[in-house]
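Me: I would like a close look at one part of this model, namely the two strands and what packs around them. Please take me through that part residue by residue, and set it within the chain as a whole.

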Amino acid sequence: MNYLGRLKNKQGMFWCYREAGGLPGPEIQQVVKKFNGKFIKIRGFDEFMYELQWSNKFNYLFDEFEISPQEEQKNTEHNTRN
C-alpha cells in the first residue's frame, strides 16, 4: 500500500474487490480516489481472469505475462528459499 501511496503518476487505476467482501477499507478507497480510479466488483480472482481472457480485449496482456523457462526456474528457486 505504501508503494501505491507514493506514486506520482495519476493516470487512473482499477481496483478489483470481491463481491462477498464488500468495498475495500478507507485506506484503499483513498488511494483509488487519488488516481481517479474505479472499483470493479468481481465474484473471485479466477472467475475475473477467465472472463478477462475471453473478452478478447485483453489477450495481448496475457502474452506479455508469459515468462521464459529460465525466468520460471529463477522464480521457483527464489520462492522456495524464502
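Reply: What follows begins with the chain as a whole, turns to the two strands and their neighbours, and ends with the loop and the salt bridge.

The model is a predicted one, and the confidence values are therefore a sensible place to begin, since pLDDT is the predictor's confidence in each residue. The mean pLDDT of the chain is 77, with 70% of the residues reaching 70 or more. The part you ask about includes the element with the highest mean pLDDT, strand E2 (residues 38–42), at 91, whereas helix H4 (residues 59–64) has the lowest mean value among the elements, at 55.

In its overall make-up the chain has five helices and two strands, and from the N terminus on these elements follow one another in the order α-β-α-β-α-α-α. Of the 82 residues, 11% count as buried, and the chain exposes about 7200 Å², of which carbon and sulfur atoms supply 52%. Among the contacts with a separation of 6 or more, 49% are accounted for by residues 24 or more positions apart.

The aromatic residues offer a way into the strands, as a search of the whole structure finds one aromatic pair. The ring centres of Tyr17 and Phe39 lie 6.1 Å apart and their planes meet at 80°, so the pair is edge-to-face. This pair links distant parts of the chain, with Tyr17 in strand E1 (residues 14–18) and Phe39 in strand E2, 22 residues apart. As for accessibility, Tyr17 counts as buried because its relative accessibility is 15%, under the 20% cut-off for that class, while Phe39, with a relative accessible area of 30%, is partly exposed.

Strand E1 also holds Cys16, which is partly exposed at a relative accessible area of 31%. Leaving aside residues up to four places away in sequence, Cys16 touches Ile40, Ile42 and Phe48. For one of these partners, Ile40, a backbone distance can be given as well: the C-alpha atoms of Cys16 and Ile40 are separated by 4.6 Å, although the two residues are 24 positions apart along the chain.

Phe48 brings a helix into the picture, being found in helix H3 (residues 45–54). With the same exclusion of residues up to four places away, Phe48 touches Cys16 and Ile42, and Cys16 in turn has both Ile42 and Phe48 among its contacts. Phe48 has a relative accessible area of 21% and is therefore partly exposed, because the buried class is reserved for values under 20%. A further distance relates Phe48 to Arg18, 30 residues away along the chain, with 9.9 Å between their C-alpha atoms.

Returning to strand E2, Lys38 lies in this strand and is exposed, with a relative accessible area of 54%. Lys38 nevertheless touches Met13, Phe14, Trp15 and Val32, again not counting residues up to four places away in sequence. The C-alpha atoms of Lys38 and Gly12 are separated by 7.9 Å, and these residues are 26 positions apart along the chain.

Helix H2 (residues 26–34) contains Val31, which counts as buried because its relative accessibility is 8%. Between the C-alpha atoms of Val31 and Asn2, residues that are 29 positions apart along the chain, the separation is 9.8 Å.

The loop between H2 and E2 contains Asn36, and the backbone there deserves a careful look. Most residues other than glycine have a negative phi. Asn36, however, has a positive phi of about 55° although it is not a glycine, and at 59% relative accessibility Asn36 counts as exposed.

Finally, the charged side chains supply one salt bridge by the rule used here. In this salt bridge Glu51 is joined to Arg43, the closest N and O atoms being 2.1 Å apart. Arg43 is exposed, with a relative accessible area of 54%, whereas Glu51, at 41% relative accessibility, counts as partly exposed.

Taken together, strands E1 and E2 are linked by the edge-to-face pair of Tyr17 and Phe39, and Cys16 touches Ile40, Ile42 and Phe48.

Technical notes. Residues are numbered from 1 along each chain as its sequence is written. Side-chain values use heavy atoms; hydrogens and water are left out. A salt bridge is a side-chain nitrogen of Lys or Arg within 4 Å of a carboxyl oxygen of Asp or Glu. Buried means under 20% relative accessible area, exposed over 50%, partly exposed in between (1.4 Å probe, protein chains only). pLDDT is the predictor's confidence in each residue, from 0 to 100. Helices (H or I, at least four residues) and strands (E, at least two) are DSSP runs, numbered from the N terminus. Contact means heavy atoms within 4.5 Å. Accessible areas come from the Shrake-Rupley method with a 1.4 Å probe; for residues, only the protein chains shown count as cover. Rings of Phe, Tyr and Trp (its six-membered ring) pair if their centres lie within 6.5 Å; planes under 30 degrees apart count as stacked, over 60 as edge-to-face and the rest as tilted.
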